[in-house]
Amino acid sequence: MRGWWRELGSLVLPTSCAGCGGARTVLCAPCRGLLSAGPARRVRPVPEPPGLPPVYAAVAYADQARAVLLAHKERGVLSLAGPLGRALAVSARAAAAVPGVDGAVLSLVPVPSSRAAVARRGHDPVRRIALAAAGWLRRDGLPVRVRPVLRQRRRVADQAGLTAGQRAANLTGALVVRPGALLAGDVVLLVDDLLTTGVSLAEAARAVRSSGGRPVGAAVVAGPPIGWT
Ligand SMILES: [Zn+2]
């Protein structure tokens, strides 16, 4: 219901660009272009958690990209899922360009948010962006399916304020693939909105591997701004 109100609200209320604050539109053309202009980049957290597959990002998590991601995630400007999905499609194409993927149906597996976070926000931003990305990828002829097969096995503490080591301990073993949801050898591309420590993506990869899936890479909308230039 909250999502419905927000969608209606964004149709009838005067608004400004979620990226730059200008133009009376949800996202102006320059900000829209900036998100998905590419090329995608390989991004690496420091330190890199063990088991993290290669991660690609479309933009640096800064300025307009950061503002647009936050508007979608925390303020529920749901119409931003389309342009954010287009950016995710840019990084997904780069992440999927690995040997042995050609022709296989690629399973886009979103990193799950906690139930509490979904309830607080009134929507699941990563899943929504993944669905939009799949639309863009299919239009380009890439056979993909969004498969939200991961769930949290136990409650995890809020990651904010934890060190990288504490985050790893907090998350290890936290995710599980729903029984029977993946088949052995299923080609998986993990997707998330952001790369920060990489710990949740590494945990997602571990869970996918332990259920027989093959995580070939990970795609995020935005990566660490340091060294991006
Ligand atoms: Zn703008």
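**Figure 1. Ala 23 lies in the loop between helix H1 (2-12) and helix H2.** This is a predicted model. Most residues other than glycine have a negative phi. Ala 23 has a positive phi, near 40°, and is not a glycine. Is Ala 23 buried, partly exposed or exposed? Its relative accessibility is 46%, so Ala 23 counts as partly exposed.

**Figure 2. Four cysteines hold the donor atoms of the zinc ion.** Which residues are the protein donors? They are Cys 17, Cys 20, Cys 28 and Cys 31, each through its SG atom. These atoms lie 2.2 to 2.3 Å from the zinc ion. Along the chain, the donors follow the spacing C-x2-C-x7-C-x2-C. The angles that the four donor atoms subtend around the zinc ion run from 102 to 114°. The arrangement is therefore tetrahedral, because four donors count as such if all angles lie between 85 and 135 degrees.

**Figure 3. The zinc donors include buried and partly exposed cysteines.** Cys 17 has 3% relative accessibility, so it counts as buried. Cys 28, at 11%, also counts as buried. Buried means under 20%. Cys 20 has 46% relative accessibility, so it counts as partly exposed. How many disulfides does the structure hold? It holds zero.

**Figure 4. Two peptide bonds that lead into prolines are cis.** Most peptide bonds are trans. The bond from Gly 38 to Pro 39 is cis, with omega near -5°. Pro 39 sits in the loop between helix H2 (29-36) and strand S1 (41-43). The bond from Val 46 to Pro 47 is also cis, again with omega near -5°. Where is Pro 47? Look in the loop between S1 and strand S2 (55-60).

**Figure 5. Helix H3 (residues 63-73) crosses helix H6 (residues 125-139).** Two packed helices are described by the angle between their axes and the distance between the axes. The axes of H3 and H6 come within 9 Å and cross at roughly 110°. That makes H3 roughly perpendicular to H6. The crossing is right-handed. Asp 63 belongs to helix H3. It has a positive phi of about 50°, although it is not a glycine. Asp 63 counts as exposed, because its relative accessibility is 61%.

**Figure 6. Gly 161 lies in the loop between strand S5 (150-152) and helix H7 (164-171).** Gly 161 has 79% relative accessibility, so it counts as exposed. Ser 210 is 49 residues from Gly 161 along the chain. The C-alpha atoms of Gly 161 and Ser 210 are separated by 29 Å.

Terms used
Residues numbered from 1 in each chain as written. Predicted model: local features only at pLDDT ≥ 70, side-chain atom pairs only at ≥ 80, totals over all residues. Heavy atoms only, no water. Donors = N, O, S within 2.8 Å, 3.2 Å for Na, K, Ca; no water. Tetrahedral: all angles 85-135°; square planar, octahedral: opposite > 155°, others 65-115°. Buried < 20%, exposed > 50% of the residue type's maximum accessible area, 1.4 Å probe, protein only. Disulfide = S-S within 2.5 Å. Axes fitted to C-alpha atoms, helices over the stretch in contact; angles between N-to-C directions. Helix = DSSP H or I, 4+ residues; strand = E, 2+ residues; numbered from the N terminus. Parallel < 35°, antiparallel > 145°, perpendicular 65-115°, else oblique. Left-handed = near helix turned anticlockwise from the far one by under 90°.
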